[in-house]
Amino acid sequence: MGNELSSRELGSDLAMLALLRSLEEARMARSSSEPIMTQHGWDPDDCSDNMDVLEDGLKVRKKVSRTLSPLLPIPEMRTDAVRGKKSYRNGTHIWRIHWPKQHRGSHAMVGVASTQAPLKCIGFTHLIGSNDQSLGWDIARNLLIYNDCTIRRYPDGKMPGFEAPEDITVILNMDTGVLGFKGGGENYGVALTGLRSINRPLSPAISATKDGAEIGIHYLGGTDSGPTVGPTPITSPRPASAAGAFTFHSKVHGSAVKFLNNYRTAAREDPLNNDKNAVVFTSRPLETEELFEIHIDKRIKGSDKPGSVEIGVTTVNPQELSSVPATMTDCKVGQTWMYSGAEMLLNSLKVANMPKDIYELQSTGKLSKLGVKRDAQGRLDIFVNGEYIGTINDRFPTTIYGVVDIYMQTVQVSITSPKVEAPIEKEEEPSGQTQEAAKSTSPTSPPPPPITFRKTCGKNVEMSSDQKTATRRNYMTDCDNGIVLSSRPLQSGEMFEIRVDKTISKWDHEGLKIGLVDLHSGFEIPRTLPGQIAEVTWSWVGDEVFHDRRVEKKLNMNLNRVKNGDRVGVMRASDNTVHFFYNGQDFGAAADRIPEKVFAIVDVHGCTFEVSLNMPDTEMETKQTAPGPNPNSEVNTALMKMKQTVELLKIKNEASIKKVKQMAQENLLELYRSHQDPLLRKAMGEKFTEMQGETHIVDYLKFLRECGLEVDYIQECYSTLRKICVWYSNDSLKFARALGETDLLSIVVSELQKYKNKSYETDEKLLDVVKTDLILLHNCAKVTENRGVIRRLQVIDAILPYRNSKIKELSTHALMALSYMVAIDEHHYIQADENSIAFILQILEEAFSNKTTHMSETGYHVDEVLVGLANLAKNKGNRINVVKKQGVNTFVKIMKLGRPSEQECAAMALLEMVDDTTVQHIAATPGLHGVLATMKNSPVEAVRQASERLLLKLPSQDSFVQMMPDMPKPTAPKRRKCDYKEICNAYMKTLNLNDAFFDHEFDRCYCSVCHTDRGDDLYYTRGDPPKDYGIPAGWCRYALSLPAKAKAMNVLEAWHRAYHGTRSTAVAKILQVGELLMPGDTALGGEKISVCKGHFTEERKPEGFNIKKIFVSPSIRYAGHSAYAMPHKYKDATTEKNYVARVAFQICIRPDSYVVGDQTIGALSQIDPKFDNQEIEWATEERGSTVLYGLLVKLEEEVSA
Ligand SMILES: [Zn+2]
């Protein structure tokens, strides 16, 4: 709204800010000793024990941290918080926080908290804002924090160096759920909204990290019931007319509005004299995912009127408005979000900057359409000229109306959204009324609503809350009353499939039954099938299909013999027949003349007592009503298409092979390849894995092989499905891991063996098969979990014949695959000729030159080629060839211009290239020393370490320049002792551990200098089956004496290696007990082990999450993260420097005793290049499955005091 807006933003018309001003004025007139201030001050009974509340609650002081114990002179790093004495459920409340700048430390949170927010923790963090019960502004870092997430920078539009003033005014409106701040005479605007969703009263709160920090609070005043709450409660049921035609509200609108076109067009009368009073609303609230879009029909050309149309949403029910405001930003009730100019306003306060300025677009005649849509997650998507431009990341109430302000330059607008949308019913009770279920499964028709089990079910059935699992109660004594139905009629061709979860042998003469039922009015759930409803059911009982007490067909599968994990399905085909399925196998038409509207019916009977739906994940199903392009709906559509294809794959029927090929090609392959973003591709691979796509594809491949691959269309389908495996496994390690568990690898190996002597180099079809096989093996070999099966299948032998293929692409795939598999004594297998190395370097160049994907045409990522080259460098001939073919220049370029992970991988690959023969050539590479010097100052620790290691392996630049050709090579002087280890030794003494625990013969320093001196690798493989682990670069190891069991059980050879970060205070206890402790364990001396703050506890943990586990990782980068290896301060007496210290254990862990899982520290980027984030955390519940063999220490110099 142009210039007017800025003055308005200062608060002239906002009730909240007017209130603020009057309160502040009142405060000036009052003395500061009024008791109301102390009534609302800090609560001495509700703060961290490390906080002192002073001056009757007007001030709080963080105590100076204690040292950990008298023996351990290490001050603890901790964060402490305090809540106010009062909490507020309603009204607007305003208080001032006084926080001197020198008292702020690394994290200084000003905000609000419910009683459920924690008030102390170890380490420095944004404690207020650390869960979903508190939130606020970190004035040290200018960030808004909620639920342990950074919401955005704040205040909006401030330069990075902005420093919050010492006095900050906090404005909390509990009626609208909004938190805002003021300071230095400036209104910083709305900070956070949606506070009502916390659903608890909130108190003022702060959290501080700085020892001795003093923070004052002065309550300025408030109202018990703030501005009128929007008349439409958030939870009000949607009007029954919700899905009807969509128009402007015919009765409630601005006084200057006239309607045309059946209330679908609205215009401002006498626009030249009238610039306001033209607010219009939608006739009903917006549905989820329903686009409300207007077309701008007319504007005043060449007008200098400051402002244009605004679109938005409001919680106000127009019907209940006493008068329509002149402009919508004047609206005093409810919550109204308006897109105005280049900003999103909430009740006229800016909540977000928008990427497009619609006022400017309107002025230049470039604005044609504007739209808003609340998505399934409750956020608001914004559209300009039919194009999605962004999302307001807030939780919008479920009942919101669309609103348009036909303002200033804009004269007439029309609704573009479709006139009438076919309603899609969510669930229908079996009362016999008709239902408009879509009749086609073509990918273009709107998808049906998700299917679940119907709530109405047999007496003995216990339904899970998501209505996807049904269990028969009393299954020991009762075999009946286990009937469940589908929530809606099945679509034609839609398979309803369940999975058998639990069986009991007691009832083995009777079992599961499944069928279709024509529900009629007065239907009563029978005890069992077919029972008294035989006339209206077609049911599979035992090995027979019944209808109306007649056997319609015999099947060669008896349902009384199903096992756990079996899948059983039923489908009404489009030719009005019923088909039954067992583990995807179609038994063909079992009966015909099935009515059009039938429900699935399942009898959880006899030996089967628990079943689950095995249908597409319903959470992502969304109605597709929005016209026009929209990335969100595109993703939903993509998922929908993936699911439809998976459904089709389940039905193995020769007649549908062509359809499967076409659907897979369009919905899985082309759709995937049309998206270039590796993250998006990875996400698609993960979603596909969640749908068990790999199992269904491999099952289908096996089915196709049985049909005979000689037939062209079968071969084409086969080839398409394999390409899908190749592409998805390329970007998603999760998918590659899942593939390793299928029979695909053994198929691939048998193919490679079969074709090795055939003319694959000249036969295009064979060539394609072989190529795909090799890439698949390469992708699967990257996953450490697959190494075991790769060994068992003797994959190396199968690949070797292709290593020297005349076709370069083929030999490259073979080499790269082998590079992940060969053991130390097999390095001769990966010896490549010059041309092959040159070809791989060419792929690297190609991948790096693609600035969008960082990927080559054939799908190799930069990181991946670098890791492959590092692997190949285990062979000396390859090292020489890489140098000869100018590979080092490419590495230097990547180290200079690449992403941090690429810089690190390039340095690691180059490090592998350095040996006596190559060192001089490498050191002479132009630009190398310069780029290494730059990398030494990288903000990323791994990049710094990589460059340090490389520098240590190279002669220094000076010595190289001075070196004469006939002079002997400079050799690094033998170092007597390591400074880093000395400091670590001093630190170890402060831990005061009994020396009897240690075996110092195997102590080892892994600082860059020592590590490079030894010439060790960064990753090793240990155990049976073999697993990788990273060496603890940057740490110092104090070796522990091994228990007898280690030798007895050959632990060092047969078990896997991993790390376990912990706090320094726990070390002594763990050493005394002799193994890692689980939460809840009682240690020696009777002390109970508690769970660290910030980790899950029994009271606060995701459902099904067992905290009685030990977490370890093959990566020290993960195990050494602050969430595990708690950092604390240490001052070295000799160097007088301050360090941040951490400790961790190096352990052996029994293979098969642990499960591999996702990282849980909220990492957004890859933690360790060797391990995917999805396989970096190992958890074990098995006692005795770990053996400690080293205590690791890491000291980092504190950068600033
Ligand atoms: Zn060292």
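The following exchange introduces a predicted model through questions and answers.

Colleague: What are the ground rules for this model, and what mean pLDDT does the chain have?

Modeller: This is a predicted model, in which local features need pLDDT of at least 70 and side-chain atom pairs count only at pLDDT 80 or more, while totals for chains, interfaces and linings use all residues. Residues are numbered from 1 along each chain as its sequence is written, and side-chain values use heavy atoms, with hydrogens and water left out. The pLDDT is the predictor's confidence in each residue, from 0 to 100. In the chain, 85% of residues reach 70 or more, and the mean pLDDT is 81.

Colleague: Where in the chain is confidence lowest, and where is it highest?

Modeller: Helices (H or I, at least four residues) and strands (E, at least two) are DSSP runs, numbered from the N terminus. Confidence is lowest in helix 1 (residues 2-9), at a mean of 33. The highest value, 96, belongs to strand 48 (residues 1036-1039).

Colleague: How many contacts does the stretch of residues 1-20 have beyond near neighbours in sequence?

Modeller: A contact means heavy atoms within 4.5 Å. Over residues 1-20 the pLDDT is below 50. Beyond near neighbours in sequence, the model gives this stretch a number of contacts equal to 53.

Colleague: How many helices and strands does the chain have, and what share of its residues is buried?

Modeller: The secondary structure comes to 30 helices and 55 strands. Buried means under 20% relative accessible area, exposed over 50%, and partly exposed in between (1.4 Å probe, protein chains only). Of the 1201 residues in the chain, the buried share is 56%.

Colleague: Which residues donate to the zinc ion?

Modeller: Donors are N, O and S atoms within 2.8 Å of the metal (3.2 Å for Na, K and Ca); water is not among the atoms, so sites may look incomplete. The protein donors lie 2.2 to 2.3 Å from the zinc ion, and their spacing along the chain is C-x26-C-x1-C-x2-C. Both C1007 and C1010 are buried. The donors, each through its SG atom, are C978, C1005, C1007 and C1010.

Colleague: Why is the arrangement around the zinc ion called tetrahedral?

Modeller: Four donors count as tetrahedral if all angles lie between 85 and 135 degrees; four count as square planar and six as octahedral if opposite donors are over 155 degrees apart and all others between 65 and 115; anything else is irregular. The arrangement is tetrahedral because the four donor atoms subtend angles of 104 to 118°.

Colleague: How many disulfides does the whole structure contain?

Modeller: A disulfide is counted as a pair of cysteine sulfur atoms within 2.5 Å. A search of the whole structure returns a number of disulfides equal to zero.

Colleague: Which peptide bonds ending at P155 and P530 are cis?

Modeller: P155 lies in the loop between strand 12 (149-153) and strand 13 (167-173), and omega of its bond is near 0°. P530 lies in the loop between strand 36 (513-517) and strand 37 (537-541), where omega is near -10°. The cis bonds run from Y154 to P155 and from L529 to P530.

Colleague: Is M408, with its positive phi, buried or exposed?

Modeller: M408 is not a glycine, yet its phi is about 50°. M408 sits in the loop between strand 30 (401-405) and strand 31 (410-415). Because its relative accessibility is 5%, M408 counts as buried.
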